[in-house]
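Trainee: I have this model open in front of me and would like a close look at one part of it. Could you take me through the loop that carries the tyrosine patch, and then show me how the rest of the chain is put together?

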Amino acid sequence: MDLFDYMRSNTMEKEAPLASRLRPRTLEEVVGQQEIIGKGKLLYRAIKADKLGSIIFYGPPGTGKTTLAKVIANTTSAEFTQINATVAGKKDMEEVVQKAKDSMGMYGKRTILFVDEIHRFNKGQQDYLLPFVEDGTLILIGATTENPYFEVNGALLSRSVVFELKPLSKEDIKILISRAVYDVERGMGSYDAVIDETAADFLADMADGDARSALNAVELGVLTTERSEDGKIHLTLDVAAECIQKRVVRYDKTGDNHYDTISAFIKSMRGSDPDAAVYYLARMLYAGESVTFISRRIMICAAEDVGNADPQALQVAVAAAQAVERVGMPEAQIILSQAVLYVATAPKSNSATNAIFEATQAVKEYKATVPVHLQDSHYKGAAKVGHGIGYEYAHDFPKHFSRQQYLPDEIKDKVFYRASDNGYEKQIKKHMEWLHSEE
């Protein structure tokens with residue numbers, strides 16, 4: 001590094017965004033992700049022992065993938081090189097490989113290559129890295145927001161350990177917000193700012209696990225808010241809402257309003273009011289509710305309140321739940337909207353719900369035995385004790401239906417499923433009546 005590179009590096013460090021300046025330098029400074037880097041965990045031990053193998057960090061934005069790579073860079077004795085897959089070409093990779101070979105040959109030092117957005121590499125680029133990862137020329141650290149099992153070369157994956165990073169908790173983000181406001185060395189502490197507890201709570205909630213989002217809002221608030229009469233910069237709830245560009249919605253994920261809103265959401269879908277249902281969906285999304293939580297409620301409603309009146313409803317709900325995990329916000333709101341509107345406008349029936357509840361009650365009340373003719377006759381000796389004798393194969397009969405008894409004797413006259421006259425269940429009801437008719 002020459003003088004100009006050194007000066008540029010120092011300037012960039014001072015002028016870098018707050019989120020970049022606050023990156024931890026050691027494992028002890030890392031906030032969150034304790035399930036993978038807590039003391040005694042595999043990754044913690046590997047970093048401390050400087051015995052790191054190739055790894056893939058997978059998780060949503062702002063969860064610390066690049067941060068962990070930087071910590072490793074500060075901890076390891078190996079050479080550390082970083083490239084971004086969105087801009088790096090084959091020539092860049094060839095230079096990295098050559099330098100890694102030289103480092104190993106001349107100094108016996110390994111090289112760690114950190115590839116940000118590794119899913120952006122095409123198959124050919126990923127294949128190019130494979131032999132050098134295989135022979136130990138490179139230790140690969142890949143970071144991706146996409147599921148690596150879909151987006152990363154299977155051969156590379158088999159030579160790497162995948163660590164999934166989870167969104168940071170609200171308390172984790174509040175710790176980072178406090179550092180951002182009060183840390184004099186790397187944060188905004190020299191500005192003599194203070195943040196209200198309500199503002200910190202709001203920013204941590206709105207960040208939805210993305211630390212960078214909260215830190216960017218803190219930086220913007222400190223730099224643009226005028227000092228009060230006491231000479232301090234006060235980051236209030238209004239300032240926080242303005243900086244993160246979201247109006248404060250009265251919605252506490254652990255409070256009564258959370259339960260009131262989700263209750264109204266479910267009841268609106270059940271009550272076939274698509275306008276109300278999509279309104280409460282928007283309200284939850286705007287307030288930062290988890291899309292996974294919302295997806296679960298839609299699936300439950302599709303089964304509990306629509307049921308067989310429209311069997312497609314559950315398929316739509318499940319597909320939506322899978323899609324939002326792959327796509328993420330903000331596009332996930334469109335997928336959720338489609339599912340909510342489908343379930344809200346579908347014909348309704350709770351016959352499936354009633355059936356399983358009544359059947360469960362019968363299981364609790366009666367000690368019933370499976371009829372002999374339905375018992376398994378395939379295992380050795382079963383036929384000798386009469387198991388399966390008298391069973392009628394349904395396809396041997398007209399309508400492919402036998403009138404034999406299927407329920408245990410103790411509850412043979414019980415009826416659990418009562419198909420409604422709504423939607424597709426009307427056809428189910430008609431079909432069952434036809435099966436039992438004498439024609």
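Mentor: Happy to. Start at tyrosine 393, which sits in the loop between helix H19 (351-365) and helix H20 (423-436). Keep in mind throughout that this is a predicted model. Tyrosine 393 has a relative accessible area of 45%, so it counts as partly exposed. Together with Tyr391 and Tyr406, Tyr393 makes a nonpolar surface patch of about 340 Å².

Stay in that loop for a moment. Lysine 399 also belongs to the stretch between H19 and H20, and its phi is near 65°, a positive value in a residue other than glycine. That deserves a second glance because most residues other than glycine have a negative phi. Lysine 399 is partly exposed, at 21% relative accessibility. Leucine 374 is found between H19 and H20 as well. The C-alpha atom of leucine 374 is separated by 8.2 Å from that of isoleucine 389, and their positions lie 15 residues apart along the chain. With a relative accessible area of 29%, leucine 374 is partly exposed.

A positive phi turns up elsewhere too: glutamate 117 has a phi near 55° and is not a glycine. Glutamate 117 lies in the loop between S3 and helix H7 (123-134), and its relative accessible area of 23% makes it partly exposed.

That brings us to the strands. S3 (residues 111-116) pairs with strand S2 (residues 79-84) in the parallel sense, over six bridges. Within this pairing, threonine 81 stands opposite leucine 113 in S3. To get from S2 to S3 the chain passes through helix H6 (residues 90-107), and this β-α-β crossover is right-handed.

Now look at strand S1 (residues 55-58), which is covered on both faces. Ile55 and Phe57 point to one side, Ile56 and Tyr58 to the other, and all four are buried. S1 runs parallel to strand S4 (residues 138-144), joined by four bridges, with tyrosine 58 opposite threonine 144 in S4. S1 is also joined by four bridges to strand S5 (residues 161-164), again in parallel. There, phenylalanine 57 has phenylalanine 163 of S5 as its bridge partner.

For an annotation to set beside these strands, the unreviewed UniProt entry places the feature "domain: AAA+ ATPase" at residues 51-168. In the model, residues 51-168 are 42% helix and 23% strand, and the end C-alpha atoms of the span lie 27 Å apart.

Let us finish with the charged pairs. The whole structure holds 18 salt bridges. One of them lies within helix H6, where lysine 91 and glutamate 95 are four residues apart, about one turn of the helix. Their side chains meet at 2.9 Å, N to O. Lysine 91 is exposed, with a relative accessible area of 57%, whereas glutamate 95 is partly exposed at 39%.

Other bridges reach further along the sequence. Lysine 48 forms one with glutamate 28, their closest N and O atoms being 3.3 Å apart. Lysine 48 lies in helix H4 (residues 42-48) and glutamate 28 in the loop between helix H2 (18-21) and helix H3 (34-37), so this pair ties together parts that are 20 residues apart in sequence. Both ends are partly exposed: lysine 48 has a relative accessible area of 45%, and glutamate 28 has one of 48%.

Lysine 232 and aspartate 192 meet in a salt bridge too, at 3.0 Å from N to O. This pair links distant parts of the chain, 40 residues apart. Lysine 232 is in the loop between helix H12 (211-224) and strand S7 (233-235), while aspartate 192 is in the loop between helix H10 (170-182) and strand S6 (193-195). Lysine 232 is partly exposed at 30% relative accessibility, as is aspartate 192 with a relative accessible area of 36%. Finally, Arg25, Glu29, Glu185 and Arg186 are linked in a network of salt bridges.

Methods: Residues numbered from 1 in each chain as written. Predicted model: local features only at pLDDT ≥ 70, side-chain atom pairs only at ≥ 80, totals over all residues. Heavy atoms only, no water. Pairing = 2+ DSSP bridges. Helix = DSSP H or I, 4+ residues; strand = E, 2+ residues; numbered from the N terminus. Right-handed = clockwise from strand over helix to strand, strands pointing away. UniProt positions renumbered as here; feature names shortened; annotations may be inferred. Patch = residues over 30% accessible without salt bridge, like charges linked within 9 Å, V, L, I, M, F, W, Y side chains within 5 Å. Areas by Shrake-Rupley, 256 points an atom, 1.4 Å probe, with all protein chains shown as cover. Salt bridge = Lys/Arg side-chain N within 4 Å of Asp/Glu carboxyl O. Buried < 20%, exposed > 50% of the residue type's maximum accessible area, 1.4 Å probe, protein only.
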